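Got the viewer open? Grab the mouse and let's take a walk through this one, stop by stop.

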Amino acid sequence: MVMGSLNTEVEVVVIGSGPGGYVAALRLADLGKEVMVVEERERPGGVCLLEGCIPSKSLINAIELSEAAKGAARLGLTFTGMKIDHVKLREWTDGVVAQLSGGVKTLLQKRGVDIVHGRARFQDSHSLAIEGGGTIAFKQCIIATGSSLNRLPAGIDQSVWSSADALKLQEVPGSLLVVGGGYIGLELGLVYAGLGSEVSVVEFFPRLLMGADHDLVDVMVKQVSKRLHAVMTDSKVKGIEPRDGGFDVEIEHEGKTEKQHYDRVLVAIGRRPNTDDIGLEHTKVKVDDKGVIETDGECRTAEPHIYAIGDVSHGPMLAHKASREGKVAAESIAGHKVEFDNRAIPAVVFTDPEISWCGLTERRAEELGVTVNVGRFPLSALGRARAIGHTEGLVKVLSEPETDLILGVGIVGPHASELIAEGALAIEMGATLADLTETIHPHPTLSEALMEAAEMAAGTAVHVFKRS
Amino acid sequence: MTQPNSTVSGRPVPAAPATRRLARELGVDLTLVPGTGPGGRVTPADVQAFLAGGALNVQSVQSATPAPIAAAGLAVEGTTRLAAAASAIPFLDLEPLPDFSLQGPVEVEPLRSIRRKVARKMVTSMILVPHVAHMDDADVTELEEFRLKMKARRDGEPGGKLTLLSFVIRAITAGLRAAPAFNASLDPFREEIVYKKYYNIGFAADTGKGLVVPVIRGTDVKSIREISREIEEKAALAREGKLPLEDMQGGTFTITNVGPLGGTALIPTINYPEVAILGMGRVQEKPVVRDGQIVIRKILPLTLAFDHRVADGADAARFVGELVRNLSDPNLLLLDT
């Protein structure tokens with residue numbers, strides 16, 4: 001590790017050590033490049049590892065366990081005296097994060113990748129100034145600075161929680177308002193509901209999870225509504241005023257404004273790329289009006305020796321997309337002929353039940369005016385779903401009518417996050433319905449649902465009866 | 001969240017990531033590769049096949065492009081096909097031709113039949129094969145004297161025309177037996193050279209409808225008279241457009257004889273996948289120096305174009321040198337071949 005002031009030269013510098021940056025750095029090192037990583041936080045791992053995917057999933061796991069225990073009475077299992085110690089849970093989560101972050105650090109060190117601490121800003125197209133002193137001259141650079149949470153407009157009290165604050169699990173409020181019905185708001189809202197808070201969700205748009213297909217979202221909303229105090233769509237937060245250690249929130253719905261009191265308010269209204277304060281104005285790197293860096297298929301910016309990956313470049317702000325781009329950028333720097341030409345970036349929402357999809361959605365097909373063949377299979381017809389007592393859900397396969405090529409997969413149900421990987425593989429491979437239906441899926445598992453959905457699309461299903 | 005690369009209008013070509021990587025590394029544009037897998041899926045073999053012939057054989061690419069791709073607005077037409085060829089070969093920059101009718105009256109004839117076949121063969125050969133041309137002059141004074149004497153005696157009989165070409169075929173066959181590299185084919189995919197132990201010599205014939213190359217089989221076991229008779233028969237059939245397909249196939253070496261039409265020298269294009277082609281210029285009486293004296297001799301200019309992947313300049317010099325010696329002395333030709 002390199003600390004403090006230095007003036008150094010390096011072949012490649014990677015700014016940021018999130019799932020994009022650290023993967024790129026490791027790959028570059030393996031390809032024989034001299035690499036340096038600049039990280040402004042104390043630990044490597046980025047938002048995903050430190051205050052995003054990883055801590056949220058360890059919290060969600062605990063809540064799902066407790067919910068499963070509560071729902072087990074119908075199976076003849078009664079648990080008494082169960083309580084959640086949120087301090088213990090916080091320690092557990094911190095431990096998970098510390099282990100993984102330490103792992104990333106070790107991986108970097110073992111490959112001889114130096115980590116420089118501080119904020120990096122471009123001085124020109126070939127050097128970075130590190131806050132706190134020092135400069136790094138580079139031949140090539142990868143910008144992997146990630147994204148930050150969007151804030152509410154100025155004038156609204158900023159002591160409300162961000163998702164990072166919520167993940168710290170400092171307290172369990174009596175009531176919590178989640179502003180934003182996207183995946184972060186819903187996941188964290190369910191965590192706090194599970195911890196005992198009375199949770200309400202307010203969404204500006206008419207539906208929760210605007211990007212996802214309605215049929216998937218409807219199944220999830222029906223289930224999670226049982227755990228939430230209120231779900232307010234088509235509603236606008238007009239004002240948040242601190243009062244009595246909590247907040248008075250004015251919410252406008254259908255022209256009427258109502259004031260409600262909440263102990264805490266969590267704002268989860270999206271993220272924006274961290275491209276404002278990194279000195280891009282001293283380079284020819286092009287940034288659009290949303291702060292997104294323009295890149296080509298190899299993740300190169302307008303300056304061919306500067307790359308941008310992950311949340312700062314176009315596409316969904318997802319760790320797995322950033323990691324793949326990190327590999328593409330690293331291999332491009334090493335002179336390989338590579339391209340980020342992925343067709344399926346799986347989207348996953350860790351609600352209960354989970355939602356996942358990849359490739360084409362029905363919404364998108366409709367927007368494009370494209371006719372698709374949709375095969376839907378309800379989990380209620382699946383043996384394993386019955387056995388585990390989770391029949392709420394469905395799997396659907398979108399295929400091209402002329403060719404049976406699989407264009408999209410959507411899932412809502414238990415383990416949707418795991419099941420979507422097969423859909424992503426099918427789409428990337430250019431698989432047809434027959435490739436799915438003629439692959440033996442283990443019985444009795446939830447994975448059979450994807451095969452059955454393909455059977456539905458192909459018109460060869462036997463486990464459902466279709467009235468003709 | 002948006003899903004890049006996943007739209008149906010202009011949806012991506014179905015191909016596995018490993019296939020896409022292969023195509024990228026080979027510089028092949030996947031949208032132009034006809035997929036043979038289910039749903040038009042492109043396989044690694046399809047990419048290889050396209051690289052072997054597709055980029056050059058653009059016409060067949062167009063017809064073989066799966067309908068859904070065309071329907072998705074990726075119709076493979078005109079400039080796109082040019083782009084295919086260009087993308088396969090670095091620095092090859094093919095642009096659509098200008099509208100010549102803006103400059104003056106033109107007549108447009110579609111490229112069909114023989115003309116199109118010739119075009120494909122020649123482009124394939126010229127792009128794929130590193131050509132080298134080796135030139136020499138054969139003094140055929142004695143051979144011509146002997147040939148005309150024999151011809152006078154046999155005139156009117158089948159094969160009695162005893163053209164110079166039939167003697168050259170005989171001499172070439174002898175040369176090929178001694179230098180197998182010129183009777184071979186290079187397989188770039190298997191990375192093998194196939195030496196052929198049979199001798200089928202093609203000769204370029206001008207049919208009035210275009211170039212046809214009839215093939216004389218087994219020239220190592222045929223007499224000059226038999227060869228001469230076959231040349232007469234096959235050239236006549238070719239001119240009538242009645243030459244059976246099998247008589248145009250299986251050649252191992254080609255001779256193009258533009259001499260009777262004139263020309264001091266020519267650089268022929270190899271009849272791919274053969275390794276070499278011999279061009280014969282016009283036999284002319286020329287002043288040459290023999291033993292310090294200027295004498296008038298009948299000179300046949302020869303050019304051997306060969307595939308430098310298979311043979312080198314020295315091989316060609318030896319091969320042509322031997323050919324020139326054999327043609328300069330009919331006794332040698334008849335005795336040794």
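Is A:Glu367 buried or exposed? Select A:Glu367 and look: with a relative accessible area of 51%, this residue is exposed. Keep in mind throughout that you are looking at a predicted model.

**Stop 1: one turn of a helix in chain A**

Stay on A:Glu367 and add A:Arg364 to your selection. The two form a salt bridge, and their closest N and O atoms are 2.9 Å apart. Both sit in helix H9 of chain A, three residues apart, which is about one turn of the helix. A:Arg364 has a relative accessible area of 35%, so this partner counts as partly exposed.

**Stop 2: a similar look in chain B**

Now jump to chain B and select B:Arg229 and B:Glu233. Their side chains meet in a salt bridge, at 3.6 Å from N to O. These two are four residues apart in helix H9 (residues 224-239) of chain B, so about one helical turn separates them. B:Arg229 is partly exposed at 35% relative accessible area, and B:Glu233 is partly exposed too, at 42%.

While salt bridges are on your mind, select A:Glu40, A:Arg119, A:Arg121, A:Glu131 and A:Asp277: salt bridges that share partners join them into one network. Over all chains, the structure holds 46 salt bridges.

**Stop 3: a link across the sequence**

Next, pick B:Glu142 and B:Arg297. They form a salt bridge with the closest N and O atoms 3.2 Å apart. Which elements does this pair tie together? B:Glu142 belongs to helix H7 (residues 141-154) of chain B and B:Arg297 to strand S11 (residues 293-307), so the link joins parts that are 155 residues apart in sequence. B:Glu142 is partly exposed at 35% relative accessibility, while B:Arg297 counts as buried at 18%.

Show the whole of chain B for a moment. You should find 11 helices and 11 strands. Of its 337 residues, 42% count as buried. Take the contacts between residues at least 6 apart in sequence: 60% of them join residues at least 24 apart. On the outside, chain B exposes about 17,400 Å², with carbon and sulfur atoms supplying 56% of that area.

**Stop 4: a buried threonine**

Zoom in on B:Thr173, in helix H8 (residues 164-178) of chain B. How is B:Thr173 placed, buried or exposed? B:Thr173 is buried, because its relative accessible area is 2%. Turn on the backbone and find B:Ile169: its backbone oxygen lies 2.7 Å from a polar atom of the B:Thr173 side chain. Then look beyond the neighbours within four places in sequence, and you'll see B:Thr173 in contact with B:Tyr199, B:Ile201, B:Thr219 and B:Asp220.

**Stop 5: where the chains meet**

Show both chains and colour them separately. The contact takes 32 residues from chain A and 24 residues from chain B. Together the chains bury about 2,500 Å² between them, 54% of it on carbon and sulfur atoms. On the chain A side, select A:Lys337, A:Arg343 and A:Met429: these lose the most area to chain B, together 24% of what that side buries.

How many salt bridges are there between chain A and chain B? The count is five. One to pick out is the pair B:Arg41 and A:Asp435, whose side chains meet at 3.0 Å, N to O. Between the two chains there are also eight residue pairs in polar contact. On the side of chain A that touches chain B, strand S18 (354-359), helix H9 (362-368) and helix H11 (416-429) are the elements that give two or more residues. S18(A) gives the largest share, three residues. By type, that side divides into 16 nonpolar, seven polar and nine charged residues.

**Stop 6: backbone oddities**

Select A:Asp352 and A:Pro353: a cis peptide bond joins them, with omega about 5 degrees. A:Pro353 is in the loop between strand S17 (347-349) and S18 of chain A. Chain B has a cis peptide bond between B:Tyr272 and B:Pro273, with omega about 10 degrees.

Finish with two loop residues. A:Cys299 has a positive phi near 70 degrees and counts as buried at 3% relative accessibility. B:Glu191 has a positive phi near 55 degrees, but B:Glu191 counts as exposed at 70%.

Conventions. Residues are numbered from 1 along each chain as its sequence is written. Chains are lettered from A and ligands numbered from 1 in the order in which they are written. This is a predicted model: local features need pLDDT of at least 70, side-chain atom pairs count only at pLDDT 80 or more; totals for chains, interfaces and linings use all residues. Side-chain values use heavy atoms; hydrogens and water are left out. Buried means under 20% relative accessible area, exposed over 50%, partly exposed in between (1.4 Å probe, protein chains only). A polar contact is a pair of N or O atoms within 3.5 Å; within protein, one must be able to donate a hydrogen and the other to accept it, and residues adjacent in sequence count only if both atoms are side-chain atoms. Contact means heavy atoms within 4.5 Å. Accessible areas come from the Shrake-Rupley method with a 1.4 Å probe; for residues, only the protein chains shown count as cover. Buried area is the accessible area (1.4 Å probe) that two parts lose on being put together, summed over both. A salt bridge is a side-chain nitrogen of Lys or Arg within 4 Å of a carboxyl oxygen of Asp or Glu. Ala, Val, Leu, Ile, Met, Phe, Trp, Tyr, Cys and Pro count as nonpolar, Asp, Glu, Lys and Arg as charged, and the others, Gly among them, as polar.
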